[in-house]
Amino acid sequence: MNALVVAMLVFACLFGGTIAGMRASRRLQERHLSKETQEAVKLGVGMVAAMASLILGLMTASVKGNFDSTSRDVQQFTTYLITLDVALRHYGPDADPARLALRAYTEHALAETWPDKAAVRVASDESEARLSQVGRLIRALDPKTSDQGDLRSEAIERYKALSALRWVLIEESATQVPPIFTIVLIIWLTFIFMSFGLFAPVNAVSISVFLLCAMSLGGAIFLILEMSTPFDGSIIVPPDAMQNALRHMVK
């Protein structure tokens, strides 16, 4: 779901619900707006508001946890890239083709995950092929000394860890807030704002306050949905770690 579109929909539903409640209050008879009715409505709305707060809190905690986890995994991924490059560098000139392939993979992964204008692509066939080429070149190394044998084994282990973590990042990039959560939350919040408008005085101050509240909740939903896609949108995991790894490789 497009975060901005959903946020605008939330704002429209909440503020529209408030205005609808204010208009409905003018057509209701006085007995429908009695103190006892207001108390009964407040009890029901209070329960819905509590559930809405719980869902909103769960959504926030879920996307924030996934975002932080993805950020840590990107840091770990770059650590594997650097340590793999170091092992190949220490191996000697025979490992230069593998190092060049690793550098090419890193450049490609950086370009497709954090593109300037094109769409984000975290898991492409070309990326998989480039990383597989690195693995083939590492396994093709023919150690001449025991040190080279140890470095080849270390490089293979680093490559396996790198490949596994890449798929973890792919899965994390696809984790999004279930649409049903957002739909139910919008319905609940709209109902709450309608009840607010039903008993609120119709004046510029109350309308302005409800307008700001609707904008605030729309902004909150926008932030939640933006953070649910760590590599796409206005809130993303920064590419600094990958850029540092690439700079380390070209030394």
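A helix here is a DSSP run of H or I at least four residues long, numbered from the N terminus. With that in hand, let's work through some exercises on this predicted model.

**Exercise 1. Work out which secondary structure elements the protein chain holds, and how spread out the chain is.**

Solution. Start by counting elements: the protein chain has eight helices and zero strands. Reading along the sequence then gives the pattern α-α-α-α-α-α-α-α. Next, turn to the radius of gyration, which is 27 Å, well over the 18 Å that the globule rule gives for 251 residues, so the protein chain is more spread out than a compact globule. To see this in three dimensions, look at the C-alpha trace, which spans about 95 × 30 × 25 Å along its principal axes. Finally, check the burial: 40% of the 251 residues count as buried.

**Exercise 2. Compare the span of α6 with the expected one, and find the helices that its buried residues pack against.**

Solution. First find the helix: α6 covers residues 179-199. Its 21 residues reach 31 Å from the first C-alpha to the last, close to the 30 Å expected at 1.5 Å a residue. Now list the buried residues of α6: T182, L185, I186, L189, T190, I192, F193, S195 and G197. As a reminder for reading such a list, an α-helix has 3.6 residues a turn, so residues three or four places apart point the same way. The last step is to look for partners: the buried residues of α6 pack against α1 (3-27), α2 (35-91) and α7 (204-227).

**Exercise 3. Decide whether T190 and F181 are buried, partly exposed or exposed.**

Solution. Take T190 first, a residue of helix α6. The cut-off for buried is under 20% relative accessible area. T190 has 16% relative accessibility, so T190 counts as buried. What is T190 in contact with, leaving aside its neighbours within four places in sequence? The contacts are C13, L14 and G17.

Now take F181, which also lies in helix α6. Partly exposed falls between the 20% cut-off and the 50% above which a residue is exposed. The relative accessible area of F181 is 33%, so F181 is partly exposed.

**Exercise 4. Find the nonpolar surface patch that F181 belongs to.**

Solution. Begin at F181 and add the other members: I180, I183 and I187 complete this nonpolar patch on the surface. Together the four residues have about 370 Å² of accessible area. For the setting, the protein chain exposes about 13600 Å², with carbon and sulfur atoms supplying 62% of it.

How values were computed. Residues are numbered from 1 along each chain as its sequence is written. This is a predicted model: local features need pLDDT of at least 70, side-chain atom pairs count only at pLDDT 80 or more; totals for chains, interfaces and linings use all residues. Side-chain values use heavy atoms; hydrogens and water are left out. Patches are made of residues with over 30% relative accessible area and no salt bridge: like charges are joined within 9 Å, nonpolar side chains (Val, Leu, Ile, Met, Phe, Trp, Tyr) within 5 Å. Accessible areas come from the Shrake-Rupley method with a 1.4 Å probe; for residues, only the protein chains shown count as cover. A salt bridge is a side-chain nitrogen of Lys or Arg within 4 Å of a carboxyl oxygen of Asp or Glu. Helices (H or I, at least four residues) and strands (E, at least two) are DSSP runs, numbered from the N terminus. Buried means under 20% relative accessible area, exposed over 50%, partly exposed in between (1.4 Å probe, protein chains only). Contact means heavy atoms within 4.5 Å. The radius of gyration is taken over C-alpha atoms; the globule rule is 2.2 Å times the number of residues to the power 0.38. The expected span of a helix is 1.5 Å times one less than its number of residues.
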